[in-house]
Amino acid sequence: MAEGADRGADPVTTKRKKKKGGTFTWVQNVFKRFFPGKGDELTSCLSSDQRPVESVVPVECDLSAVRREQSQSGGSPERDGDEVPQADPREAIHSLRGSLNKELSSFDQVTDPKSSLSELLTQWDNSQLFQLGKFYQDRLTEAIEERVEGLSQLLRYEGHFSGPEHEKVTELVGNGNRTEGSKLFLSLVTGKGSATRRVMWESFVKMRKELPKLGRILKEIQDLGPDPHQHMNIAQGSSELPAELKDVQQKHKEILRAQTETLRVNTILMREKVKVFQLVDRYAELTVISTVRGRRLVEHELLARGRDHERWREEHLRGELEKIRTDQLFGSSFSRSKSKSGSSAVVTGVAGIGKTTMVEKIVSDWATGKIYQQFQFVFRFKFRDLNTINCTINLWNLVILFYPYLGKVLERLWKIPERLLFTFDGLDEFKDRIDFADSRRDTEPQHMCTDPEFRCKVSDIVYSLIQHKLLPGCSVLVTTRPTALHLLEKAEISVCAEILGFVGEERKEYFNRFFEGQAVAAAVFKHVEENEILYTMSYNPSYCCVLGLALGPFFTQSQRDPQRVPKTITQLYSYYIYNILKNHSREIESPRDVLLRVGQMAFTGVSERKIVFTDGDLIEYNLQPSQFLSGFLMELLEREDCARSVVYTFPHLTIQEFVAALAQFLTPDPGDILKLLTDAHSKEDGRFEIFLRFVAGLSSPGSARVLEDFLGPFSHQTTCGVIDWVKEEVKRQIGNTESEDGEWTEMEAQKSRLLHILHYLFESQNPGLAQATLGSVETLSFRTLRLTPIDCAVLSNVIRLCETIKLLDLSGCYIQSEGLERLGPGLHKCQGLRLEGISITDSGAEDLTSALSTNSSLTELDLGYNELEDSGVKLVSAVLMDLEWKIQKLQLGNNSLIDSGAEDLSSVRSTIRSLTELDMGYNELGDSGVKLMSQALRDPECKIQSLWLGSVGLTDSGIEDIISALSTNRSLTELDLSYNSLTDRSIPALRHLILTLPSLEQIELRGNEFSRTGDKELRSLQEPRPELTMIL
């Protein structure tokens, strides 16, 4: 806990307060924010029963307040007679809306240097508004779903929606179907006519600041200017093919359909080497977002994606990221291209995420007439294939090389470039660097490719197509891993999207499609779902494939040992290789020797960040290509035929890393393994991180034993060397993080390195090693280092191997309830637990209290700056009471507590008696809550030394209670009453406390409402108490 005046300065404590109130409150706040003074007018015209959005049938408005205001301001007088006629509530809203629109227009003029959106709305006719709604319908559905009930309510008040119509929208939202509620809202508006559509768009303008996705759409519309039709026509396009080209196009579609309609999967579950599936049967939808998130490239792609996955979920809930379908990359509202020069789209994603399969699905769907029919021809290229072209070439020859039957029609196709789509898959694998920031490409003749007949490097052709210098008007799709994305920063890209992989039920859908038997699919998915480490991996289709291949045999055999089912990634990959060896090792004489040489080649690839291997690489490591075609290594290496030669690649980067690690245990001369591991660990770009996890994991007898049956015993020298290295690294990193000295960035790096080492320790599954290295550890601090659920699972496993952890500090690690659930099994070993600012809600408190229910030694618990609320504190208090903890330090500051939360805590007298520090600051306790706390603090056995009650809503009326309770306490040394509502009336009570409590060393009173005289009087109290620190 920070001290004195510096308290609250920690970055962990900068969280926003949780929003209060329902949708009506939100609507009112929008009006207040944009139109000061009008929000209350809206409030006054609605009865209290009408305001909550949960009120299904709107009731009549009470306009008495509005009429009173009109009367007082000289508005329309009441009619003759005593009775006041009942006004139509819509008249008041329309009247209010008129003034709001005026203020809205002035607001737009201030914030928008271009034509304001309000002005554009007045310029667009009804037909244009209809077309805009239709064009942006999919994006609007997602953009407004977080507040669709509020929008529906506004249109209800405007008189455009009936009560039953509004009820249908709110009913869908209430049932958790926000997307369906959003679709219904837009459908209702479309069917209402032009007046309702115009009101809807005006409402969108008013609320764009509250809905980021909506704001982005409106900004795009504003940038289009007064006539958006031109853009919409360009985007949607039309395609009329000359009759003489139809036969060629049909043949082209048939060939592409044949190339993409099947998936070839290397299998280890059966004797057949390759199993062929229909793409339509095996393709599982992926989540793709319409923007690319920044990421630290120094981390391994797997780890970076795992961390970003949790971050994305938070951002998506805040409404900042938009999903995009594969048929929206071109010719949709996502495209930022406003001219007829064509558009280029980039789709990025980490290894194995499904980029290539997605491109094949796009091409297949085009060939079967499902999407992108504005394109007459689609040309599909892979950069792996283009790597084999070592001479200059022109675009005409490049196309003919892959599609020789198009030779006679290409000249005609060049004349209609806007009907052509080029796809280039795998920019990160291209041997030539295409730097779009290199201005020489636009000035040096040898690079300037503007003619399909001009001979140049392949890289110049690709560059010129993307930049619309060659065949301006054509469209280009490029896929790449994030590692090569920086090359495209200066490129003319219309859409830049990222594949996130599987989210939610998409994982389950993949396994249902992977296995023919649904019982096996359900059993495998259940095991993956229950294992937090495997489940975290399963966002990636390639990992899912490995999971399915490795786990399938365990759930297809009639008798299986649940204890042998893989739980770590090393165990998982060991069984993957085991199944290959079991089915195919008889086909070669020495599996160990061949696998060693494959592993040595794989290690070189990891070292050089190389994932594609040629025949030359195979020859260098004495590997005959025939062995890959007929032996068990076919399942390790995926062969790709292209026009000129054959290249090889592992099915996934992690398989390459595993085989590279395995080679270290197969070599007869391991050399200096300690030096190899130290050098690999020192690489700051993270290229060896997963390799090192596998090396540590293979030192475990459990992971090695299954492979030794086929490969012979692992090197004892290597195994001992790995264990010694892990032991020394754990001790060294623990020592580095125990010190709080040094630069913040270096401290963060040290925590990150320690976390990596703990992952290695976890993979080793070596209890003796863990106890030898961590048994005497007293403090583990990862403060402010963002942890994923998989990190929490590893940490929990490690803590369980320790004797006792005096302090575990995870403040600011943003582990949330899911991470807390993973940590649970290890928390009973902790004497001190700091979980400040980790985004625990009241539901997460259940996981916390369950984990702590067996902890009898906890003395410090910091739960500050979370979102526990009273219900969460009630659960914590119940555990405190049941266990009768001797807890000494308890921090519950900034948790949205009210007086009932204080009541629950104060009822736990055993805890109050043992406490020396209590933080209840920045909660809405009020005088009543402070009074309840005061009653507990009167206990003669109370030993409180530090009490923080800053910003709790304390007034002069409640000061006597707390002062009276503390006056008899002879242990209190620090008291925080800052940022309350105390005035000069509280000074006598404060004077009494200061002069009669000699133990008090510091009192904080700043941020109250003392006058200058009162302030001076308080400062004078320091004269008889010079040792007292008073903060005013």
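## Asking why: buried serines and packed helices

Me: S896 lies in the loop between β16 (889–891) and α41. Why is S896 called buried or exposed here?

Reply: First, keep in mind that this is a predicted model. The relative accessible area of S896 is 12%. Buried means under 20%, so S896, at 12%, counts as buried.

Me: What makes the phi of S896 worth a remark?

Reply: Its sign. Most residues other than glycine have a negative phi. S896 is not a glycine, yet its phi is positive, at about 60 degrees.

Me: S951 is a serine in a loop too, the one between β18 and α44. Why does S951 get its own label for accessibility?

Reply: The relative accessibility of S951 is 25%. Buried needs a value under 20% and exposed a value over 50%. The 25% of S951 falls in between, so S951 counts as partly exposed. S951 also has a positive phi, about 55 degrees, although it is not a glycine.

Me: Where is S946, and why is S946 called buried or exposed?

Reply: S946 belongs to strand β18, which covers residues 946–948. Its relative accessibility is 7%. Set against the limit of 20%, that value is under it, so S946 counts as buried.

Me: Which residues does S946 touch, beyond its neighbours within four places in sequence?

Reply: S946 is in contact with T916, E917 and L918, and also with L972, T973 and E974. Another pair to look for is S946 and D976: they are 30 residues apart along the chain, and their C-alpha atoms are separated by 8.3 Å.

Me: Now S967, in helix α44 (residues 956–967). How do you know whether S967 is buried or exposed?

Reply: Use the cut-off again: under 20% is buried. S967 has 11% relative accessibility, so S967 counts as buried. Leaving aside its neighbours within four places in sequence, S967 touches H992, L993 and L997.

Me: What makes the pair S967 and I963 a polar contact?

Reply: A polar atom of the S967 side chain lies 2.6 Å from the backbone oxygen of I963. The distance limit for a polar contact is 3.5 Å, and the 2.6 Å here is within it.

Me: Helices α44 and α45 (residues 987–996) pack together. Why are α44 and α45 called parallel or antiparallel?

Reply: Two packed helices are described by the angle between their axes and the distance between the axes. For α44 and α45 the angle is about 10 degrees and the axes are 10 Å apart. Angles under 35 degrees count as roughly parallel. With about 10 degrees, α44 and α45 are therefore roughly parallel to each other. On the α44 side the contact involves I959, E960, I963, L966 and S967, which meet A989, L990, H992 and L993 of α45. These residues divide into six nonpolar, two polar and one charged.

Me: What about α45 and helix α46 (residues 1012–1020): why is that pair called parallel or antiparallel?

Reply: Their axes come within 10 Å and cross at roughly 10 degrees. That angle is under the 35-degree limit, so α45 and α46 are roughly parallel to each other. I987, L990 and R991 of α45 make the contact with G1014, E1017 and L1018 of α46. Three of the contact residues are nonpolar, one is polar and two are charged.

Me: And why is there a name for how α41 (residues 899–906) and α43 (residues 926–937) are arranged?

Reply: The axes of α41 and α43 come within 8 Å and cross at roughly 10 degrees. Roughly parallel requires an angle under 35 degrees, so α41 and α43 are roughly parallel to each other. From α41, D899, A902, E903, L905 and S906 take part, and from α43, S928, G929, L932, M933 and A936. They divide into five nonpolar, three polar and two charged residues.

Me: How do you know where confidence is highest and where it is lowest in the protein chain?

Reply: Look at the mean pLDDT of each element. Strand β19 (residues 974–976) has the highest, at 96, while helix α3 (residues 64–72) has the lowest, at 35. Over residues 1–114 the pLDDT is below 50, and this stretch has 172 contacts in the model beyond near neighbours in sequence. For the protein chain the mean is 76, with 74% of residues at 70 or more.

Definitions and conventions:
Residues numbered from 1 in each chain as written. Predicted model: local features only at pLDDT ≥ 70, side-chain atom pairs only at ≥ 80, totals over all residues. Heavy atoms only, no water. pLDDT = per-residue confidence, 0-100. Helix = DSSP H or I, 4+ residues; strand = E, 2+ residues; numbered from the N terminus. Contact = heavy atoms within 4.5 Å. Buried < 20%, exposed > 50% of the residue type's maximum accessible area, 1.4 Å probe, protein only. Polar contact = N/O pair within 3.5 Å; in protein donor to acceptor, adjacent residues only side chain to side chain. Axes fitted to C-alpha atoms, helices over the stretch in contact; angles between N-to-C directions. Parallel < 35°, antiparallel > 145°, perpendicular 65-115°, else oblique. Nonpolar A, V, L, I, M, F, W, Y, C, P; charged D, E, K, R; others polar.
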